[in-house]
Amino acid sequence: MFAGKISDVALMLAQDILPIYEREAAQWARDRPALGWERLVLQEALAGLAAPRLLDLGCGTGLPVAAWCQAQGATVTGVDGAAAMIELLRANVPGARAICADMRGLALGERFDAILAIDSFFHLSATDQRAMFPTFAAHAAPGARLVLTTGYSAGETWGQVGGSTVYHASLAPDEYRALLAANGFDEMWFRRKDRALGGRSVWLAQAQV
């Protein structure tokens, strides 16, 4: 659940998110469930796209999301700021391009047909989340699909990865809508705490043509 602002300690944890995932990569890989709710979203995100160029932000080990997308014919570029995750991606998804980089301020100079930020974007602070929308736009080809997992209301909360406490934040849905529109994306749908999606709040948007 996303509650009101917690404290400056939360922002310290937000800044520490990449070292945490570096530390917890092996445990995260062991704990990560097989593809479940994500399949429903990914099928819609990739529908009608032939051999799409796909950018997976916060790709982790590549399992299960990047591997599934590649199996559907996508050319996958995975970006993660934790080097240990990128090493696992290379082993798990041969043929994917693996880039060790922070998604914040990413500038690949390329455009993609689909951009995913599944269970990664919500680790950023509210300020960093707002700053990501121009980054999404800069990497989106005309008509590109964008998938984000967020919270269902504005606020911050805690989670757990392995033995480490991790930070989560969310903006209000109306602010996400405004940011999408201001950066050239049309909302396709927003599913709030959807049981079919594992109780997650998920956005699917499309870059304007």
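**Exercise 1. Classify M188 by exposure and describe its surroundings.**

M188 has a relative accessible area of 37%, so M188 is partly exposed. The scale behind that label calls a residue buried under 20% relative accessible area, exposed over 50% and partly exposed in between, using a 1.4 Å probe and protein chains only. Before going on, keep in mind that this is a predicted model, where local features need pLDDT of at least 70, side-chain atom pairs count only at pLDDT 80 or more, and totals for chains, interfaces and linings use all residues. Residues are numbered from 1 along each chain as its sequence is written, and side-chain values use heavy atoms, with hydrogens and water left out.

Next, place the residue: M188 belongs to strand β8, residues 185-194. Helices (H or I, at least four residues) and strands (E, at least two) are DSSP runs, numbered from the N terminus. Then list the partners: leaving aside residues up to four places away in sequence, M188 touches R145, L204, A205 and Q206, where contact means heavy atoms within 4.5 Å. Finally, take a distance: 13 Å separates the C-alpha atoms of M188 and L42, which are 146 residues apart along the chain.

**Exercise 2. Follow the aromatic pairs that involve F133.**

Start with the total: the structure holds seven aromatic pairs. In one of them, F121 and F133 meet edge-to-face, 6.0 Å centre to centre and with 85 degrees between the planes. Rings of Phe, Tyr and Trp (its six-membered ring) pair if their centres lie within 6.5 Å; planes under 30 degrees apart count as stacked, over 60 as edge-to-face and the rest as tilted. F121 sits in the loop between β4 (112-117) and α6 (126-138), and F133 in helix α6, twelve residues apart. Both F121 and F133 are buried.

Now move to the second partner. F133 and Y176 form a tilted pair, 6.3 Å centre to centre with 45 degrees between the planes. Because F133 lies in helix α6 and Y176 in helix α7 (residues 173-182), this pair ties together parts that are 43 residues apart in sequence. Y176, like F133, is buried. To finish, put the rings together: F121, F133, F136, Y176, F190 and W203 form one aromatic cluster.

**Exercise 3. Work out how helices α2 and α5 pack.**

First read the geometry: helix α2 (residues 17-31) and helix α5 (residues 83-92) pack at about 40 degrees, with their axes 7 Å apart. Axes are lines fitted to C-alpha atoms, for helices over the stretch in contact, and angles run from 0 to 180 degrees between N-to-C directions. The two helices, α2 and α5, are therefore oblique to each other. The classes are roughly parallel under 35 degrees, roughly antiparallel over 145, roughly perpendicular from 65 to 115, and oblique for the rest.

Then look at the residues: Y21, E22, A25, W28 and A29 in α2 meet A83, A84, M85 and L88 in α5. They divide into eight nonpolar, no polar and one charged.

**Exercise 4. Describe K193 from its backbone to its side chain.**

K193 lies in strand β8. Phi of K193 is near 50 degrees, a positive value in a residue other than glycine. At 41% relative accessibility, K193 is partly exposed. The charged end of K193 sits over the ring of Y152, 4.5 Å from its centre; the criterion is NZ of Lys or CZ of Arg within 6 Å of the ring centre and within 35 degrees of the ring normal.

Definitions and conventions
Nonpolar A, V, L, I, M, F, W, Y, C, P; charged D, E, K, R; others polar.
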